[in-house]
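This report examines internal space, charge pairing and a surface patch in one protein model. The sequence and structure are shown first.

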Amino acid sequence: MIVVTGATGQLGRLVVEGLLEKVAPAEIVAAVRDPAKAAEFAARGVQVRRADYDDPASLTAAFAGADKVLLISSSTPGQRLAQHEAVIAAAREAGAGHLAYTSVLAADTTKLFVAPDHKATEEAIRASGLPFTFLRNGWYTENYAQTIAQALASGSFAGSAGDGKLGAVPRADFAAAAVEVLTGEGHEGRVYELAGDEPFGYTDLAAAITAVSGTPVTYQDLPAEQHRQLLVGAGLPEPVAAMLVDADRGIAEGELASTSGDLSRLIGRPTTSPTEAVTALVKG
């Protein structure tokens, strides 16, 4: 039995859809905080079980009979590690034979703002003794949907990534990698650095938006502090602005790209190209 946590989230839904193409619905458990949101999966024969990261008892019940568990990382800063530790404990109690975790690129060495919780989670998983796979996901191209919409409206977008490049791809590529790990063989003990085959910079992104939409778009590179002030002035909360500026620092320093080739090998095809990804976002 394969348990997917956060199964009604943007990544989790894609993983469940991918699993449905490879295994019987009854072998999939969609572990979700609100089962009502997973009614479509239940109607297709997927087992839907309540699993709240903040309610350890619910996790224990949801993981009963689990052979494999995919821990999709929490999006709650400040609580993420404790939530992950509760999932790890429940997976161990259930006797799961494999725990896969969606981490972040180079979690053990990167300076990215989001990395400490991921690094600590990886350490906790190793300490648990559970067979594991770390899916160190890079950036999602969907992260730039709002940027693209704003650029199409104004003709430009700003950032502080300099000439750095990132290996962002759509969530669907990362979901396909998770499906392979959950249904394939030989992934235990592996750490996969997952990123696109074609790294691109913000100037490349502007050119792709222009080519796809026919609307001229340019990229304006700013000093980090000016970028932060611009974001705050646009109404973003300080912590969110700080995280976005830090992401651009990571891009500038090469922390959001990888030459490992792990992602394309796992999914058995080239990763989605930047042009394809931008086309999907521009055309909706």
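A cavity is a set of grid points where a 1.4 Å probe fits but cannot get out, and its volume is the space filled by probe spheres set on those points. The model under discussion is predicted. Under this rule there is 1 cavity of 30 Å³ or more, and the largest cavity holds about 50 Å³ of space.

**Cavity lining**

The walls of the largest cavity are formed by Thr141, Tyr144, Ile148, Phe200, Leu205, Pro274, Ala277, Val278 and Leu281. By class, this lining comprises 8 nonpolar residues, 1 polar residue and no charged residue. Helix α12, spanning residues 274-283, gives the most to the lining, with 4 residues. Ala280 is also placed in helix α12; its relative accessibility is 49%, so Ala280 counts as partly exposed, the range for exposed residues being over 50%. Between the C-alpha atoms of Ala280 and Ala153 the distance is 17 Å, and the two are 127 residues apart in sequence.

**Salt bridges**

Side chains of opposite charge can pair when their charged atoms come close. The structure holds 18 salt bridges, and the table gives three of them with their N to O distances.

| Pair | N to O distance |
|---|---|
| Glu180 and Lys22 | 3.9 Å |
| Arg136 and Glu122 | 2.7 Å |
| Asp262 and Arg265 | 2.7 Å |

The bridge between Glu180 and Lys22 links distant parts of the chain, 158 residues apart: Glu180 belongs to helix α7 (residues 171-183), and Lys22 to the loop between α1 (10-20) and β2 (28-32). Glu180 is partly exposed at 22% relative accessibility, whereas Lys22 is exposed at 51%.

In the pair of Arg136 and Glu122, Arg136 lies in strand β6 (residues 132-137) and Glu122 in helix α5, so the bridge ties together parts that are 14 residues apart in sequence. Both Arg136 and Glu122 are buried.

Asp262 and Arg265 both sit in helix α11 (residues 262-267), separated by 3 residues, or about one turn of the helix. Asp262 is buried at 11% relative accessibility, while Arg265 is exposed at 56%. Elsewhere, a network of salt bridges links Lys111, Asp246, Arg249, Glu253 and Glu255.

**Surface patch**

Which residues form a nonpolar patch on the surface? They are Phe113, Val240, Met243 and Leu244, with about 330 Å² of accessible area together. Phe113 is located in the loop between β5 (98-104) and α5 (115-128). With a relative accessible area of 53%, Phe113 is exposed.

Methods. Residues are numbered from 1 along each chain as its sequence is written. This is a predicted model: local features need pLDDT of at least 70, side-chain atom pairs count only at pLDDT 80 or more; totals for chains, interfaces and linings use all residues. Side-chain values use heavy atoms; hydrogens and water are left out. Patches are made of residues with over 30% relative accessible area and no salt bridge: like charges are joined within 9 Å, nonpolar side chains (Val, Leu, Ile, Met, Phe, Trp, Tyr) within 5 Å. Accessible areas come from the Shrake-Rupley method with a 1.4 Å probe; for residues, only the protein chains shown count as cover. A salt bridge is a side-chain nitrogen of Lys or Arg within 4 Å of a carboxyl oxygen of Asp or Glu. Helices (H or I, at least four residues) and strands (E, at least two) are DSSP runs, numbered from the N terminus. Buried means under 20% relative accessible area, exposed over 50%, partly exposed in between (1.4 Å probe, protein chains only). On a 1 Å grid over the protein atoms alone, a cavity is a set of points where a 1.4 Å probe fits but cannot get out, and a pocket is an open set with protein on both sides within 12 Å along at least five of seven lines; lining residues have an atom within 4 Å of a point. Ala, Val, Leu, Ile, Met, Phe, Trp, Tyr, Cys and Pro count as nonpolar, Asp, Glu, Lys and Arg as charged, and the others, Gly among them, as polar.
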